[in-house]
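Here is a walk through one protein chain, written for someone meeting it for the first time. Have a look at the structure, then read on.

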Amino acid sequence: MLAIPAASFAQFGVAITIAPPALPVYTQPMVPAEGYLWTPGYWANGDEGYFWVPGTWVQPPSVGLLWTPGYWGWGGNAFSWNEGYWGGEVGFYGGVNYGFGYGGVGYGGGYWNNGAFSYNTSVNNVNVSNIHNVYNKTVINETTVNHVSYNGGTGGITARPTAAEETASRGQHTPPTSMQTEHVHAASTNHALLASVNQGRPAIAATAKPGEFSGAGVVAAKQAGAPYKAPAAENKAAESKAAASKATENKAAENKATENKAAESKATENKATENKAAESKATENKAAENKAAESKATENKAAENKAAESKATENKAATTRSSENKAAPATHEHPAPKPTTTAHAKPAPKPAPAAHTKPASKPTATAHAQPASKPAPAAHAQPAPRPVEKKPAETKAAAPAEKQPVETKAAAPRPAENKPAPKAAPASHPATTAHAQPAPHPQAAPKTESAPSPEKKAPGGKD
């Protein structure tokens with residue numbers, strides 16, 4: 001361990017014009033284990049005034065070292081704190097009677113013996129069942145027993161260091177351990193340890209180990225060492241500090257409330273925005289789904305209508321085709337009008353009077369297709385010299401009309417050519433009768449088929 005001169009610890013801290021309170025009256029907690037050494041409690045000074053640092057058992061930085069407590073000393077115009085230290089000998093600590101072996105001069109609580117510390121049970125609380133390095137020796141205090149916590153100044157202790165103590169103060173020293181430093185810091189943050197709060201009687205006067213401010217090892221002060229009289233300046237400072245703290249707390253509370261309200265408002269706005277966005281998104285999705293569904297339905301309907309139309313068209317076409325196929329044979333087998341052309345080309349026989357005379361033969365179908373019965377064509381087709389050549393054809397053409405010799409008779413009277421033109425009027429009668437007859441008689445077709453087709457006669461004559 002590094003040794004630090006005692007001068008490094010003297011006059012430590014800020015000068016205070018107000019003397020510290022009296023030391024409280026309390027009992028020592030039991031030593032937690034062998035090797036722990038006692039460090040007495042004291043009043044330290046902070047931003048809010050004096051606060052109590054509880055006495056505690058501490059493990060020394062190394063074997064053989066003893067603790068010299070710190071103390072407050074008057075320097076002529078203010079009090080200064082002289083830091084405690086570890087060393088081979090106990091030095092001057094202001095003549096303050098801290099108790100438990102520290103009666104103002106030296107230390108009577110124990111000593112190191114061959115690497116083990118022996119405890120004086122007359123001043124230390126030791127469980128002898130667990131710790132056997134003990135002895136009992138009465139400690140005689142050479143100073144007036146009181147609870148004054150400072151040296152010099154008004155009301156302070158007037159002790160001066162001895163030659164041995166001065167020698168010890170000039171020896172090699174070790175500063176407080178980290179556990180001791182943390183112990184002091186914990187006390188400075190505990191509001192209950194302020195003198196202005198506890199009035200010189202702290203609730204935590206001593207602990208079994210550093211920093212342990214709760215549990216079985218904590219000891220409360222029995223009483224204050226003297227009536228606590230806080231100076232006006234301290235009261236003023238405490239009040240100002242309390243007021244400032246209160247104002248700071250109120251301000252912090254207001255700021256916190258404002259921040260919380262702003263955060264809540266922001267959260268509400270964000271939530272509303274998110275909900276609105278979600279609703280808009282849902283509406284858009286719903287609209288898109290409905291539109292897609294409508295488009296799909298329209299497409300399906302159009303497809304169904306198109307399929308139905310195609311089907312109807314196909315069925316219509318099939319029906320039409322079937323009707324045509326069914327009607328085709330009758331149309332194909334009905335060549336009845338063709339003899340008309342041949343008859344039209346042969347005005348010589350003039351069968352019109354015969355047809356008019358014999359309605360039984362029903363030459364209506366043939367006569368309906370014959371425009372020859374009109375007077376004009378008869379006049380146009382009168383080639384007088386050619387009736388003899390087409391006689392066989394005339395006989396054949398006349399045959400379909402129920403195979404009667406009517407055509408032969410009709411062809412015989414050639415004097416008809418010499419007859420006056422007005423006598424041909426009776427030939428128009430068959431035309432009137434023919435227009436009254438329904439042309440497409442199915443029964444007439446077979447009869448016409450048995451007759452030779454006029455087209456086959458074409459090579460023999462002109463149509």
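S178, E182 and H185 are the exposed residues on the face of helix α2 that is turned away from its buried side. The helix spans residues 178–188, and its buried residues are Q180, H183 and A187. These buried residues cover an arc of only 55° around the axis, so they end up on the same side of α2. What lies over them? The cover includes β2 (37–39), β4 (49–53), β5 (55–58), β6, β9 and β15 (206–207).

Before going further, a quick step back: this is a predicted model. The protein chain has 463 residues, of which 31% count as buried. Its secondary structure comes to 13 helices and 15 strands. Among contacts with a separation of 6 or more, 67% are between residues 24 or more positions apart. The chain exposes about 27900 Å², with carbon and sulfur atoms supplying 57% of that.

Now for one of the strands covering the helix. T56 sits in strand β5, and it counts as buried because its relative accessibility is 2%. Its side chain makes a polar contact with the side chain of T207, at 3.1 Å. A polar atom of the T56 side chain also lies 3.3 Å from the backbone oxygen of K209. Setting aside neighbours within four places in sequence, T56 is in contact with L37, W38, T39, H183, T207, A208, K209 and P210. H183, as it happens, is one of the buried residues of α2.

Two other covering strands, β6 and β9, belong to a small sheet. Three strands make up this open sheet, in the order β6-β9-β14, with antiparallel pairing. β6 (66–68) and β14 (173–174) stand at the edges with a single partner strand each, so one side of each has no neighbour in the sheet. Three bridges join β6 to β9 (residues 85–87), and W67 has W86 as its bridge partner in β9.

There's a hairpin to look at too. It is formed by β7 and β8, with four residues between them, and G76 in the turn has a positive phi of about 110°. Four bridges join β7 (residues 71–74) to β8, and the two run antiparallel. W72 has W81 as its bridge partner in β8. In a regular strand, side chains alternate between the two faces of the sheet. In β8 (residues 79–82), F79 and W81 point one way and S80 and N82 the other, and all are buried.

Which aromatic residues pair up? The structure holds 19 aromatic pairs, and the table shows two of them.

| Pair | Centre to centre | Angle between planes | Type |
|---|---|---|---|
| Y26 and W52 | 6.2 Å | 70° | edge-to-face |
| F79 and Y150 | 5.0 Å | 75° | edge-to-face |

The Y26 and W52 pair links distant parts of the chain: Y26 is in the loop between β1 (12–16) and β2, while W52 is in strand β4, 26 residues apart. Y26 counts as buried at 9% relative accessibility, and W52 is buried too, with a relative accessible area of 1%.

As for the other pair, F79 lies in β8 and Y150 in strand β13 (residues 150–151), so the pair ties together parts that are 71 residues apart in sequence. F79 is buried at 3% relative accessibility, and Y150 is buried with a relative accessible area of 9%.

Finally, Y26 and W52 also belong to one aromatic cluster, together with W38, W43, W57, F100, W112, F117 and Y119.

Notes
Residues numbered from 1 in each chain as written. Predicted model: local features only at pLDDT ≥ 70, side-chain atom pairs only at ≥ 80, totals over all residues. Heavy atoms only, no water. Buried < 20%, exposed > 50% of the residue type's maximum accessible area, 1.4 Å probe, protein only. Contact = heavy atoms within 4.5 Å. Areas by Shrake-Rupley, 256 points an atom, 1.4 Å probe, with all protein chains shown as cover. Pairing = 2+ DSSP bridges. Arc of directions from axis to C-beta. Polar contact = N/O pair within 3.5 Å; in protein donor to acceptor, adjacent residues only side chain to side chain. Phe/Tyr/Trp six-rings, centres within 6.5 Å; stacked < 30°, edge-to-face > 60°.
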